[in-house]
Amino acid sequence: MKNFNLALKILLVVIAVILPLVIKAPYQLHIIILIFIWAIIGTSWNLLGGYTGQVSFGHAAFFGVGAYAAGLLQFHLGVSPWWGMLLGPFAAMVISLPIGLIAFRLRGPYFALAMLALGEIFRLLFINLAFTNGAKGILIMPEITSKMFYYYVGLSALALTIGITYLIVHSKIGFYLVSIREDQDAATSLGIPTTLYKNLALLPSAFFTGLAGALYMNYVAFIDPNIVFNLSNISVMAIMVVMLGGVATTWGPTVGAAIYIILGEVFRTTLGSANVLVFGVLVCLIILFLPNGIVGELDMLRGFLARKKEGAAGGVKI
Amino acid sequence: MKKTKWFLPALLMILSLALLVSGCGDSSSQSADGVKVGIILPITGSEAMFGTMEKNSFEMAYEELKAAGKTTVGGKEIQLLFEDDQGKQDVAKSATEKLINQNKVVMLSGGYSSACTNVIAGSAQAMTTPFLAVTGSSDEITKKGWQYVFRGTAAPATKYTGAFWEMADQVIKPKNVAVIYENTDFGLSSAKGFKEDCEKRGVNIVFDQAYEHGALDFKPMLANMRSANPDMIFAVSYVMDAAMIVKQMKELDFSTDLFVGGGAGYTMPEFKDNAGDASEYITSTTLWVPNVAWPGAGEYFENYKQKYGKEPDYHGAQAYATMYVIADALGRTQELTNTGIQKALKATDIDTIMGPIKFEDWEGYTNQNKPITYVVQWEKGNLEVIWPENVKSADYTFPVPTWRER
């Protein structure tokens, strides 16, 4: 079983690497690039919201700051926005620090509310500041137009995000994070500094969301505050991607992003003006019937089957 | 557990079915023979009202052109492929990618919001596919020197007030002006242009505030504005905000010599419906009105009303005129390639229901038609052209009576 899993993973990586050599159509690659961006955001959100149980309604703040870090470099200094891929994640991390230090000391919905406010504050701030070019946003002409290039950049960024998240979750820190989610009092009584570890989940989460933002700026080549700090299209969508794919699973956000983007696009191009309605109904159905997300339900299904087999063999294992 | 058992396979089936459908759709559209023009508009989402009006107008113009035999280019029929951008810029990007790479369109049109139009323009230029913008009015779009991006029927946001200033210099002569605008690209660009024009003329700006698009309570802002005592108000708002603002001004009994809207909301039929009698004497700049003197304008308005049961506004006229520009350019093009169509568009010189359209390079703009603007005023529930004087449909009322005098 373990060998099989490993082989599957290697196969997946190989497919991902050679895919653009097979699919040369720019439109399909474009869809996959969007999936990568959303998978990065979802995976980052999942580390904080899924594993640590700290629900954020304001990941758009990190996304937007990352995007603007890249955009403003070009706008003010004429520096290539690709440097934003370095600056953006750190900028997002810097703004996440104070909010985590303050809100994580409190219990209950305070962090979720603080994040909700943070996203909106940044949106209003960036609309009204002259430094950010206000609501006019930043429009650039990308230097590189080859889809294959963006594909590999997106793939590497996603691999990095999933890899580091995986390492964190499967290290001692990961167990601390899950224990905070399951029972904060018990975690405290065992000597886990909960505020510190919540912050340790927030920082990488903000970092990779900022990375996705910078990539978005480079790829889409236009941002304005109403787009990148958007509550429903960024912050809530980050949650939707995770819910759809599977909360607290390694591959859930990626699967969720793929389904979200592909289905959304297929519906948009085939169903005419009913597309958003049908899409919304389907998402409701998924959440209703697959509350653990697609990957989550698959795991349960597998566990269910495995138990059945063992039962048939005679020994009942608890 | 039981209910999820059937749902997962069902979902997978839907997914694969959806993929299959999209696959078929692509192959059939590739085999179809015709001159394909991609049009990206918001058919769903918060801008759907305008997107649908523009789509209808495109189709209406297309049918007229077809009846006149002007939709065949070199033996091939022009085909319109509509895509929905949902008012979201990354969806607009997807639509652009699909139309250019998948459907192999020869040129693009559409673009409602500035953000979506920006993205379509950037992608079209990067893929050297001609793009003719319909409504997006951000200055940036034609200020980047992009050779494949054209804008005919829409004015850059800072140029919406041309006719108004002519009238202001001769008739209104404002001294203290209040400026309010929604904090969007369009609102800020328009207000910026207006304020620069004020400075040039030495007009005082006594109140200057951006507000959140879609707000419900404007009374605190209006009360502050009243204490600044302006003799004229310039406001840039979409339709619902516009109606709320004038209604609440009436409730506060706050009168000025003139209230001028900067395009968009203040000229729409929905504005009159929502604001009721508070809309009376509200003045606005606009790009088009049905009773303007250009040939075909009145007919378009009547035909549209008859066919779709709704009054179109200037957005519809933009789409209608754009369709004529597209057919004209494609008809003249020597070869159906991106460079051929780009050249044909550049050489455009056509009279439309929005006036003559030519793509020129001026004041840092590239391929931008020089816009003609109008000043209109609501008089007894009708939108009348009051400036320029040679095309006016009624006399202006200035200064307007206060709420109590009416």
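**A sheet in chain B and the contact with chain A**

In this predicted model, chain B contains an open sheet of 7 strands, whose order across the sheet is S8-S7-S9-S10-S11-S16-S17 and whose pairing is mixed. The two edges of this sheet are formed by strand S8 (204-211) and strand S17 (382-387) of chain B, each of which pairs on one side only. If you follow the sheet from strand to strand, neighbouring strands are turned by 25° against each other on average, with direction ignored.

A good place to look more carefully is strand S7 of chain B, which covers residues 176-182 and stands between S8 and S9 in the order of the sheet. Towards strand S9 (residues 232-236) of chain B, S7 runs parallel and is joined by 5 bridges, and within this pairing Val179(B) has Phe234(B) in S9(B) as its bridge partner. Towards S8(B), the pairing of S7(B) is also in the parallel sense, here over 7 bridges, and in this case Ile180(B) stands opposite Gln209(B) in S8(B). To pass from S7(B) to S8(B), the chain goes through helix H6 (residues 185-201) of chain B, and the resulting β-α-β crossover is right-handed. While looking at such strands, it helps to remember that in a regular strand the side chains alternate between the two faces of the sheet.

From this sheet we can step back to the whole of chain B, which has 12 helices and 17 strands. The radius of gyration of chain B is 23 Å, close to the 22 Å that the globule rule gives for 406 residues, and therefore chain B is as compact as a globular protein of that length. Taken along the principal axes, the box filled by the C-alpha atoms of chain B is roughly 65 × 65 × 40 Å. Of the 406 residues in chain B, 52% are buried, and among the contacts in chain B with a separation of 6 or more, 69% are between residues 24 or more positions apart.

What remains is the place where the two chains meet, a contact that takes 35 residues from chain A and 39 residues from chain B. On the side of chain A that touches chain B, at least two residues each come from helix H2 (26-51), helix H5 (110-128), helix H10 (225-228), helix H12 (252-270) and helix H13 (275-289) of chain A. H12(A) gives the most to this side, with 6 residues. Sorted by character, the residues of the side of chain A that touches chain B comprise 19 nonpolar, 11 polar and 5 charged.

Key:
Residues are numbered from 1 along each chain as its sequence is written. Chains are lettered from A and ligands numbered from 1 in the order in which they are written. This is a predicted model: local features need pLDDT of at least 70, side-chain atom pairs count only at pLDDT 80 or more; totals for chains, interfaces and linings use all residues. Two residues are in contact if their C-beta atoms, placed from the backbone, lie within 7 Å. Helices (H or I, at least four residues) and strands (E, at least two) are DSSP runs, numbered from the N terminus. Ala, Val, Leu, Ile, Met, Phe, Trp, Tyr, Cys and Pro count as nonpolar, Asp, Glu, Lys and Arg as charged, and the others, Gly among them, as polar. Two strands pair if DSSP finds at least two bridges between them. Axes are lines fitted to C-alpha atoms, for helices over the stretch in contact, and angles run from 0 to 180 degrees between N-to-C directions. A crossover is right-handed if, with the strands pointing away from the viewer, the path from the first strand over the helix to the second runs clockwise. The radius of gyration is taken over C-alpha atoms; the globule rule is 2.2 Å times the number of residues to the power 0.38. A residue is buried if 20 or more other C-beta atoms lie within 10 Å of its own, exposed if 12 or fewer, and partly exposed in between; C-beta atoms are placed from the backbone.
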